[in-house]
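Dear colleague,

I am passing the structure on to you below, together with an account of what was found in it. Please read the notes with the structure open beside them.

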Amino acid sequence: MNAPVIRLYDTQRSGNAWKIRIMAGLLGQPLERRTLSIDRGDLGTPAFAKLNRFRQVPLLELPDGSAIPESMAILFFLSAGTPWWPADRLEQAEVMSWLSFEQSRHMPPLAQLRLHLAIHPDWPLAAEQRATWQRQAEEALSILNTRLLESGSEGWVAGAGQPSIADVALYPYSRLARMAGLDLPRFEAVSDWIGRFEALPGYQPLFPGRPDLNEHAEEI
Ligand SMILES: N[C@@H](CCC(=O)N[C@@H](CS)C(=O)NCC(=O)O)C(=O)O
């Protein structure tokens, strides 16, 4: 009999889905990947809309057929009961505040700049829009940098002693900031934290087995 599988719907270059592959790697949780392509229109099909009303990746499908959309919800689901989701209510609130920051102020400008500058440079991008995203992305990295400076050279996003799903959530689009045209080394504490994060046992690069391709722009 086949072992029940947890299935991840993702795309090759999705930073939001990368969070889930990293989390599964860090937890030693096997995942079966169903890799779709936005450029091919896979997310616009009625079959995918039936699985995920939000029509986005990541989507996690459980062995009983239930499905969880949204990277934050999936990170919570996978990490609950492990050290990646703290037991203390105040610490949980701290983690959630960083998840909210990632979704509202960090990921949107960084993901849009990466999409327009590196993945689809053929798409039109008005100078004013680019400048707004650039300002928002710099502000988000600066807030994260200040937090990591407070946490110290061994520290993590939502507490000094232990990484949490806040680190997993904030890693991908921080790591990809150069593709978004940002000067990542200027955010020294963020750069150091990225190095510490990538040294964690179970860390997964964007393209499996190819950490050298983390900033690769094309599907392979
Ligand atoms: N809030 C969502 C955002 C997911 C998201 O933006 N996914 C992108 C790929 S990284 C996507 O599916 N884009 C296709 C589309 O929106 O049509 C999450 O955190 O999971």
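**What was found**

Setting aside residues up to four places away in sequence, Trp 193 touches Leu 144, Leu 148, Gly 155, Trp 156, Val 157, Asp 167, Leu 170, Tyr 171 and Ser 174. Please keep in mind throughout that this is a predicted model. Trp 193 is found in helix H7, and because its relative accessible area is 0%, where buried means under 20%, this tryptophan counts as buried. One of its contacts, Tyr 171, is 22 residues away from Trp 193 in sequence, while the two C-alpha atoms are 8.9 Å apart in space.

Several of those contacts, Asp 167, Leu 170, Tyr 171 and Ser 174, belong to helix H6, where they are among the buried residues. Helix H6 runs over residues 165-175, and 11 of its 11 residues are buried, so this helix is largely enclosed by the rest of the structure. The buried residues of H6 also include Ile 165, Pro 172 and Arg 175. As for what covers them, the list includes H1, H3, helix H4 (89-119), helix H5 (127-151) and helix H7 (188-198).

**How the two domains meet**

The chain is divided into domain 1, residues 7-82, and domain 2, residues 89-204, and the centres of these domains, taken over C-alpha atoms, are separated by 20 Å. Domain 1 gives 18 residues to the contact and domain 2 gives 21 residues. Between them the two domains bury about 1,600 Å², with 68% of that area on carbon and sulfur atoms. On the side of domain 1, Trp 18, Leu 26 and Met 72 lose the most area to domain 2, and together they account for 34% of what that side buries.

There is a polar component to the interface as well. The rule finds 1 salt bridge across the interface of domain 1 and domain 2, and Lys 19 forms a salt bridge with Glu 102 in which the closest N and O atoms are 2.9 Å apart. In addition, 6 residue pairs are found in polar contact across this interface. Helix H1 (15-27) and helix H3 (71-79) are the elements that give two or more residues to the side of domain 1 that touches domain 2, and the largest share of that side, 9 residues, comes from H1. Sorted by class, that side of domain 1 has 7 nonpolar, 6 polar and 5 charged residues.

**Two buried polar side chains**

Ser 79 has its place in helix H3 and counts as buried because its relative accessibility is 0%. A polar atom of the Ser 79 side chain lies 2.8 Å from the backbone oxygen of Leu 75. Leaving out residues up to four places away in sequence, Ser 79 touches Met 23, Leu 27, Trp 84, Trp 85 and Ile 165, and Ile 165 is one of the buried residues of H6 described above.

Gln 12 has its place in the loop between strand E1 (7-11) and H1. Why does Gln 12 count as buried? Its relative accessibility is 19%, and the cut-off for buried is under 20%. A polar atom of the Gln 12 side chain lies 2.6 Å from the backbone nitrogen of Ile 220. With residues up to four places away in sequence again left out, Gln 12 touches Arg 33, Thr 35, Leu 36, Leu 206, Phe 207, Glu 219 and Ile 220.

With best regards

Notes. Residues are numbered from 1 along each chain as its sequence is written. This is a predicted model: local features need pLDDT of at least 70, side-chain atom pairs count only at pLDDT 80 or more; totals for chains, interfaces and linings use all residues. Side-chain values use heavy atoms; hydrogens and water are left out. Domain bounds come from an automatic or database domain assignment. Contact means heavy atoms within 4.5 Å. Buried area is the accessible area (1.4 Å probe) that two parts lose on being put together, summed over both. A salt bridge is a side-chain nitrogen of Lys or Arg within 4 Å of a carboxyl oxygen of Asp or Glu. A polar contact is a pair of N or O atoms within 3.5 Å; within protein, one must be able to donate a hydrogen and the other to accept it, and residues adjacent in sequence count only if both atoms are side-chain atoms. Helices (H or I, at least four residues) and strands (E, at least two) are DSSP runs, numbered from the N terminus. Ala, Val, Leu, Ile, Met, Phe, Trp, Tyr, Cys and Pro count as nonpolar, Asp, Glu, Lys and Arg as charged, and the others, Gly among them, as polar. Buried means under 20% relative accessible area, exposed over 50%, partly exposed in between (1.4 Å probe, protein chains only).
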